[in-house]
Amino acid sequence: MRVRNRAIVAAGVVVAVVALLGVYAVRQLVDSGLRIPIASRTCTVQADGRVLLDADQMANAATIAAIGIQREMPERAVVVALATAYQESGLRNLSHGDRDSLGLFQQRPSQGWGTPAQIQDQRYAANRFYAALKKVRGWEKMRVTDAAQAVQRSAYPTAYQKWADESEVLTRALLGEATGAVACTVGRTPAMRGEAAAAALTRGLTLDWGLAGTGPAAELTGLTVPAADPRDGWRYAHWLVSHATDHGVKRVRFAGLEWTAEDGTWTKVSGGRPADAQVLAEVFGEG
């Protein structure tokens with residue numbers, strides 16, 4: 001009986017140690033900024049590599065990329081910004097963080113990044129990050145993690161590098177270097193519909209890209225976006241798909257291809273012109 005009791009106690013100790021090690025491992029992941037993967041990935045990005053994101057992450061990534069181009073920052077800056085947001089927030093606009101850190105880049109009001117409300121505005125946060133990065137001498141030649149660290153001054157200075165590959169894939173797609181590279185699946189209950197959705201898209205394109213030439217679509221309930229060349233067209237098309245869930249986008253057409261919320265993929269349009277000079281977006285109708 002005494003031997004049996006000892007065996008039971010020993011087994012209990014082993015279980016307790018394993019549990020403690022598990023808690024420690026999870027804590028280390030959280031403390032180091034690593035994010036535990038989320039099961040529901042609704043967006044697939046393919047551009048010489050493959051990245052899976054959910055709708056919120058995709059929309060935030062698209063906005064970060066657009067703000068970088070609007071500020072006339074080089075593509076390398078977009079890679080650094082995306083890797084930073086990946087590490088700091090998992091590409092999420094967080095309302096909490098270490099001490100008073102907030103938002104996509106976990107910027108701190110107490111360190112002069114702005115008010116809490118400003119920092120939680122994704123566009124403001126991205127603009128502040130790019131402005132700070134631009135002041136770093138020689139950042140263009142640095143590793144991604146070194147350039148990010150020069151801005152963030154994190155307790156984990158090398159952690160940003162692990163997101164470099166994913167960020168490069170996202171950058172290629174969101175800056176229009178790949179065709180039909182962003183494909184998202186949208187639920188049957190859109191967040192917005194009709195005129196409200198079209199107005200929100202127009203406002204978003206204006207704020208993210210600085211566009212002022214959008215207009216109502218002739219054949220679709222939505223809007224058209226002028227595209228000076230294929231690269232610009234795919235930038236806007238991928239942005240529209242990235243914001244499909246939060247802006248009620250039902251369909252996007254460009255260069256003879258069409259993405260639909262129902263299928264979540266890009267397919268050829270019958271009779272579509274491969275060199276269209278505009279991107280067409282359709283939103284979900286009222287009711």
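Contact, as the word is used on this tour, means heavy atoms within 4.5 Å. The structure on the screen is a predicted model, and every stop below should be read with that in mind.

**First stop: Thr-221**

Select Thr-221, which sits in the loop between β4 (215-216) and β5 (222-226). With neighbours within four places in sequence left aside, the residues in contact with Thr-221 are Ala-281, Glu-282 and Val-283. If you then add Gly-285 to the selection, you will find its C-alpha atom 7.2 Å from that of Thr-221, although 64 residues separate the two along the chain. Thr-221 has a relative accessibility of 49% and therefore counts as partly exposed, since the exposed class begins over 50%.

**Second stop: Thr-63 and helix α2**

Move next to Thr-63, a residue of helix α2 (residues 55-70). Is Thr-63 buried or exposed? Its relative accessible area is 5%, so Thr-63 is buried, the cut-off for that class being under 20%. Show the residues around it, again without neighbours within four places in sequence, and Gln-122, Arg-123, Asp-208, Trp-239 and His-243 appear as the contacts of Thr-63.

One of these, Asp-208, leads on to the meeting of two helices, for Thr-63, Ala-66, Ile-67, Ile-69 and Gln-70 in α2 meet Leu-207, Asp-208 and Trp-209 in α8. Sorted by class, the residues in this contact of α2 with α8 are 5 nonpolar, 2 polar and 1 charged. Drawing the helix axes shows how the two elements are arranged: those of α2 and α8 (residues 194-209) approach within 7 Å and cross at roughly 50°. Because of that crossing angle, α2 is oblique to α8.

**Third stop: the aromatic rings**

Display the aromatic side chains, among which a search of the whole structure finds 6 pairs. One of the pairs joins Tyr-86 and Trp-163, whose rings are stacked, with 4.7 Å centre to centre and 5° between the planes. This pair links distant parts of the chain, 77 residues apart, with Tyr-86 in helix α3 (residues 75-89) and Trp-163 in the loop between α6 (144-152) and α7 (164-174). Tyr-86 and Trp-163 are both buried.

Select Phe-129 and Tyr-130 next, an aromatic pair with an edge-to-face arrangement, in which the centres are 6.2 Å apart and the planes make an angle of 75°. Phe-129 and Tyr-130 are likewise both buried. To finish, add Phe-105 to this selection, and you will have a cluster in which ring pairs link Phe-105, Phe-129 and Tyr-130.

Methods
Residues are numbered from 1 along each chain as its sequence is written. This is a predicted model: local features need pLDDT of at least 70, side-chain atom pairs count only at pLDDT 80 or more; totals for chains, interfaces and linings use all residues. Side-chain values use heavy atoms; hydrogens and water are left out. Helices (H or I, at least four residues) and strands (E, at least two) are DSSP runs, numbered from the N terminus. Buried means under 20% relative accessible area, exposed over 50%, partly exposed in between (1.4 Å probe, protein chains only). Axes are lines fitted to C-alpha atoms, for helices over the stretch in contact, and angles run from 0 to 180 degrees between N-to-C directions. Angles under 35 degrees count as roughly parallel, over 145 as roughly antiparallel, 65 to 115 as roughly perpendicular and the rest as oblique. Ala, Val, Leu, Ile, Met, Phe, Trp, Tyr, Cys and Pro count as nonpolar, Asp, Glu, Lys and Arg as charged, and the others, Gly among them, as polar. Rings of Phe, Tyr and Trp (its six-membered ring) pair if their centres lie within 6.5 Å; planes under 30 degrees apart count as stacked, over 60 as edge-to-face and the rest as tilted.
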